[in-house]
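Reader: I should like to learn how aromatic pairs and the faces of a helix are read from a model. Please take me through them.

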Amino acid sequence: MAVHLTDQTLGHYRQEDLIGQGGMGSVYRAVDLNLARPVALKVMHEELASKPDFQEQFQNEAQAAARLDHPSIVHIYDSGQDQESPYIVMELIPGLSLGTYINQLAASDQVIRLDETLLLTTQVAEALGYAHRKDVLHQDIKPDNILVKESDQAARPDEPLLRAVVTDFGLAKLKRGDIVLNEGEVVGTL
């Protein structure tokens, strides 16, 4: 994977800190210089940027997620290309991935509480149900593609103040009629 440097500018977005890496790109905490607000900036890996199939898949991610408006789905603000670097600009979610959250608990001999598990699972299921009704199939749900942030309001009394946010629609498909996978075809993470 190619490493993009921090303190560079793509379009009107200044990259600051690397906050994540995936198969298609690196995600940075960045600043929208026009609106003076923090954003997450996903930049396609250089070795993939010259391949039309990967550019199409990257653009598909932006389009699929941008169609969705749900409190448990990351909001897409913009996408573009600066020189040879395609990028997607999205809401910056303060918090940890569910995978990191679970691992941190395990490191201190703890487990995720049942009420938290039920709440986060319900929120993810509601987000995926909403996406499916909008004909978007995520295809790569896993703990590292779910961010957990603090919520300022519980839906019910005594509910944990947490919100699950589904991210990384890199393998999303826009549903068009019946979807048929070839036998043995693997989509997403094993």
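Author: The following turns treat ring pairs and then a helix. This is a predicted model, in which local features need pLDDT of at least 70, side-chain atom pairs count only at pLDDT 80 or more, and totals for chains, interfaces and linings use all residues. Residues are numbered from 1 along each chain as its sequence is written, and side-chain values use heavy atoms, leaving out hydrogens and water.

Reader: How is a pair of aromatic rings described?

Author: One gives the distance of the centres and the angle of the planes. Rings of Phe, Tyr and Trp (its six-membered ring) pair if their centres lie within 6.5 Å; planes under 30 degrees apart are stacked, over 60 edge-to-face, and the rest tilted. The count here is 1 aromatic pair. Tyr13 and Tyr87 meet edge-to-face, 5.9 Å centre to centre with 65° between the planes. Tyr13 lies in strand S2 (residues 13-21) and Tyr87 in strand S6 (residues 85-90), 74 residues apart. Strands (E, at least two residues) and helices (H or I, at least four) are DSSP runs, numbered from the N terminus.

Reader: Are Tyr13 and Tyr87 buried or exposed?

Author: Buried means under 20% relative accessible area, exposed over 50%, and partly exposed in between (1.4 Å probe, protein chains only). Both Tyr13 and Tyr87 are buried.

Reader: Which residues of helix H3 are buried?

Author: In H3 (residues 98-107) they are Leu98, Gly99, Tyr101 and Leu105. These buried residues fall within an arc of 165° (directions from the helix axis to the C-beta atoms), so they line one face of the helix. On the other side of H3, Asn103 and Ala107 are exposed.
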